[in-house]
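I opened this model to look up two things: a helix packing and a pocket. My notes are below the view.

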Amino acid sequence: MKRKVTIPPRPTPAELEILRILWNRGPCSVREVLGELRKARPTGYTTALKFLQIMAAKGLVSRDDHSRAHLYRAAVAEEATQRTLVSDLIARAFGGDAPKLVMRALETGKLTSDELAEIRTLIDSMKETKR
C-alpha cells in the first residue's frame, strides 16, 4: 500500500513570521508569540491567537493543551519550509531556472567573504558528488 505524503500548505508572510518565532524559541504560549510579534509592530492578543488557531488547522503548528497556557510548536521543519518556498519562487519567478535564482541572489552583493567561501565549499562538494 502506498503511503500518502502530505505537503503542508505554503505559509503566508504573517504565518512565516510566527513560524520563525517558534523555530527560534521552541514551544511558546500565545502571550510569548505576541511579545515577539509586538517587537515589529502593534499586534493584539486575539489576532495572534487567531493566527495560531488557523495555522493549527492547516497543520503548520501543533498545540499542547495539557497546561493552563496552551503551547504552540512548529509542526513543519524550517529547512523543509524553506525548500518549499524556494521551489515555488524558482517556478514562479524564474520559470524553473534555478541557476538564474542563484545568480540574482549573488548579484545582491550582500555576502561576506565567509559566506562566499561557504558557497564555494558547497559548490565544490556538489561537483564531487556528481562525478
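The entries take the helix pair and then the pocket.

Entry one, status. I am working from a predicted model.

Entry two, helix pair. I looked up how α2, residues 30–37, sits against α3, residues 45–58. I read an angle of about 115° for their packing, and the axes are 9 Å apart. I therefore note α2 as roughly perpendicular to α3, because angles of 65 to 115 degrees count as such. For handedness, I have α2 passing α3 in a right-handed crossing.

Entry three, contact residues. Which residues make the contact between α2 and α3? From α2 I list V30, R31, V33, L34 and L37. From α3 I list Y45, A48, L49 and L52. Sorted by class, I get eight nonpolar residues and one charged residue in this contact, with no polar ones.

Entry four, pocket. I turned to the largest pocket and found about 230 Å³ of space in it. I wrote down its lining as V102, A105, L106, L111, I119, L122, I123 and M126. Two elements, α5 (98–107) and α6 (113–130), each give two or more residues to that lining.

Entry five, pocket lining. Which helix gives the most to the lining of the largest pocket? I have α6 down for that, with four residues. By class, I count eight nonpolar residues in the lining, and neither polar nor charged ones.

Entry six, recap. I leave the helix pair as a right-handed crossing, and the largest pocket as one with no polar and no charged residues in its lining.

Conventions: Residues are numbered from 1 along each chain as its sequence is written. This is a predicted model: local features need pLDDT of at least 70, side-chain atom pairs count only at pLDDT 80 or more; totals for chains, interfaces and linings use all residues. Side-chain values use heavy atoms; hydrogens and water are left out. Axes are lines fitted to C-alpha atoms, for helices over the stretch in contact, and angles run from 0 to 180 degrees between N-to-C directions. Angles under 35 degrees count as roughly parallel, over 145 as roughly antiparallel, 65 to 115 as roughly perpendicular and the rest as oblique. A crossing is left-handed if the near helix is turned anticlockwise from the far one by less than a right angle, and right-handed if clockwise. Contact means heavy atoms within 4.5 Å. Ala, Val, Leu, Ile, Met, Phe, Trp, Tyr, Cys and Pro count as nonpolar, Asp, Glu, Lys and Arg as charged, and the others, Gly among them, as polar. On a 1 Å grid over the protein atoms alone, a cavity is a set of points where a 1.4 Å probe fits but cannot get out, and a pocket is an open set with protein on both sides within 12 Å along at least five of seven lines; lining residues have an atom within 4 Å of a point. Grid points are joined across faces, edges and corners, and a volume is the space filled by probe spheres set on the points.
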